[in-house]
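Hi everyone, thanks for making time for this. I'd like to walk you through one model, so please have a look at the screen before I start.

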Amino acid sequence: MRILLPVLGVFIVILAAAGLYLFKLGLDDYMASQSIASVPVAAPAGWAAQPYDTAQGEVITGTVLMPSAVGGSTTNDILLAFESAVAGDDDGVVHAFARGDERIVLRMRVAPLIKQRLSLKQRMGIEEVTEQEALGTVLGAVDGVSFVIMPQVSAVMGQPLPVPVDYRHITASIGDPKVAETIEVAVLTNSSDAAIAAVIGGLDIAALNEKLPTPSDAITPQAGFVAARQQPLSDVPPPPSAPYRAHRMLETASFDTLNADILGLIRAGDIVTMADLQVVYPKLDGILLEVLQLLDGGGPENFARYYATVLSKSGRSWNNYEYYVLSEIAKAGTSQASLADYLSNGYDIAPEVMALVQRLPETSPEGPGQVPEAEAATTPVVTPNGQNRIGTGGCTLQAGVRRCVVGSD
């Protein structure tokens, strides 16, 4: 009997340990099934799924991660967020996809509810209306959840202005962050709109929504990806933006004061079009062609306006007809159609001048420095409260500063 009691005690301990182990296994399985990591994310056709590592984020952003530099720059903080998700913080998960030199990395995490502090007016029951600035443009929606392309800039500690970047950061939120926990989705990529749509379009938004303690009723299951604009999505990665190219030019070469100032305004987004430039600097003489090629997507039109200015001031003896045509070519908004009646009179005009006319657009835009009305009316933007709003595209340049009014509510 004295021998049996210790044996029985050991047996009971073993049995309890086994029960605890089995309970833990069951709990782990349950917790895993409730995690957003349990929702599969498939690679699009032609893409390879890969485990995420730091190097992939660094390749996309062209920036080396500084683990200790929290708040050092927007780019570094984005990379740190991906590192945190890989570590499993806040029920986070990262999926990475590659095709040649193109990369798409997708991060998801459960974001806790953060109650916003009420202002004095709100505590007194007074409705407070504040005008909100647009944060980005909507690429499209998946099951009713908007995916927003954030501005391509990075705030850098110690620098007065944001620095343009050559990657795209796209964000979405499943649920309302003002009401309950949400699932944050972020995409970091150097790829095309079509490829991004293929990745996010494959997300099971409904399954992710069910992982929330308080599922959102704002999603529309089975709706799939719906592009914000009614036009085919490009399957080619976008070229570097004009602000980014201007930034790189200023970083890698020296320019005279005039061209350096113009490049600075392009880098800041204050000059976007040739019309913007001619508001600030009506004459094109002295401006380098490589600077003009940053505006309006570059192309033959800017080439024509540049060389029209060069030829008109070259000292060559132009007749009145040629000089008039050259001066018109140099103006923003002039098109082949606007010169057609004048040229139909059979005036003696040199072939090189006529060659510049052929480089102009066939018709004039609807307004100098503005997007066409049909396009502007369907360009969604997103505001800080997560609501979509329609941009009017109305921007003016005042004292070298681009001022835009977005929305009308």
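I'll begin with the overall picture and then go through the aromatic pairs, a pair of helices, a strand residue and two backbone angles.

Please keep in mind that this is a predicted model. The protein has 15 helices and 14 strands. Of its 409 residues, 34% are buried. If we take contacts between residues at least 6 apart in sequence, 60% of them join residues at least 24 apart.

Now to the rings. How many aromatic pairs does a search of the whole structure find? The search gives 6. I'll show you two of them.

In one, Tyr 52 and Phe 82 are tilted, with 5.6 Å centre to centre and 40° between the planes. This pair links distant parts of the chain: Tyr 52 sits in the loop between strand E1 (48–50) and helix H2 (54–61), while Phe 82 belongs to helix H3 (residues 74–86), and the two are 30 residues apart. Are Tyr 52 and Phe 82 buried or exposed? Both are buried. Phe 82 has another partner too, since we find Arg 107 over the face of its ring, 5.6 Å from the ring centre.

The other pair is Tyr 321 with Tyr 347, and here the rings are stacked, at 4.2 Å centre to centre and 5° between the planes. Tyr 321 is in helix H12 (residues 320–329) and Tyr 347 is in the loop between helix H13 (336–343) and helix H14 (351–357), so this pair ties together parts 26 residues apart in sequence. As for accessibility, Tyr 321 counts as partly exposed at 35%, and Tyr 347 is also partly exposed, at 31%. If you zoom out a little, Tyr 321, Tyr 324, Tyr 342 and Tyr 347 form one aromatic cluster.

Next, the helix pair. Which way do the axes of helix H7 (residues 242–252) and helix H8 (residues 257–267) run relative to one another? They come within 7 Å and cross at roughly 140°. That angle makes H7 oblique to H8, because roughly antiparallel would need an angle over 145 degrees. The crossing of H7 past H8 is left-handed. On the H7 side, the contact is made by Ala 242, Pro 243, Ala 246, His 247, Met 249 and Leu 250. H8 contributes Ala 260, Leu 263, Gly 264, Ile 266 and Arg 267.

Let's move to Val 153, which is found in strand E6 (residues 153–154). Val 153 is partly exposed, with a relative accessible area of 36%. What does Val 153 touch, leaving out residues up to four places away in sequence? The answer is Thr 74, Pro 162, Val 163, Pro 164 and Val 165. Val 153 and Ser 73 are 80 residues apart in sequence, yet their C-alpha atoms are 10.0 Å apart in space.

Finally, the backbone. Most residues other than glycine have a negative phi. Gln 222, however, has a positive phi, near 75°. Gln 222 lies in the loop between helix H6 (205–210) and strand E10 (225–227), and at 77% relative accessibility it counts as exposed. Asp 296 also has a positive phi, of about 55°, although it is not a glycine. You'll find Asp 296 in the loop between helix H10 (289–292) and helix H11 (300–312). With 39% relative accessibility, Asp 296 counts as partly exposed.

That's my tour, and I'm happy to go back to any part of it.

Methods:
Residues are numbered from 1 along each chain as its sequence is written. This is a predicted model: local features need pLDDT of at least 70, side-chain atom pairs count only at pLDDT 80 or more; totals for chains, interfaces and linings use all residues. Side-chain values use heavy atoms; hydrogens and water are left out. Rings of Phe, Tyr and Trp (its six-membered ring) pair if their centres lie within 6.5 Å; planes under 30 degrees apart count as stacked, over 60 as edge-to-face and the rest as tilted. Helices (H or I, at least four residues) and strands (E, at least two) are DSSP runs, numbered from the N terminus. Buried means under 20% relative accessible area, exposed over 50%, partly exposed in between (1.4 Å probe, protein chains only). A charge sits over a ring if NZ of Lys or CZ of Arg is within 6 Å of the ring centre and within 35 degrees of the ring normal. Axes are lines fitted to C-alpha atoms, for helices over the stretch in contact, and angles run from 0 to 180 degrees between N-to-C directions. Angles under 35 degrees count as roughly parallel, over 145 as roughly antiparallel, 65 to 115 as roughly perpendicular and the rest as oblique. A crossing is left-handed if the near helix is turned anticlockwise from the far one by less than a right angle, and right-handed if clockwise. Contact means heavy atoms within 4.5 Å.
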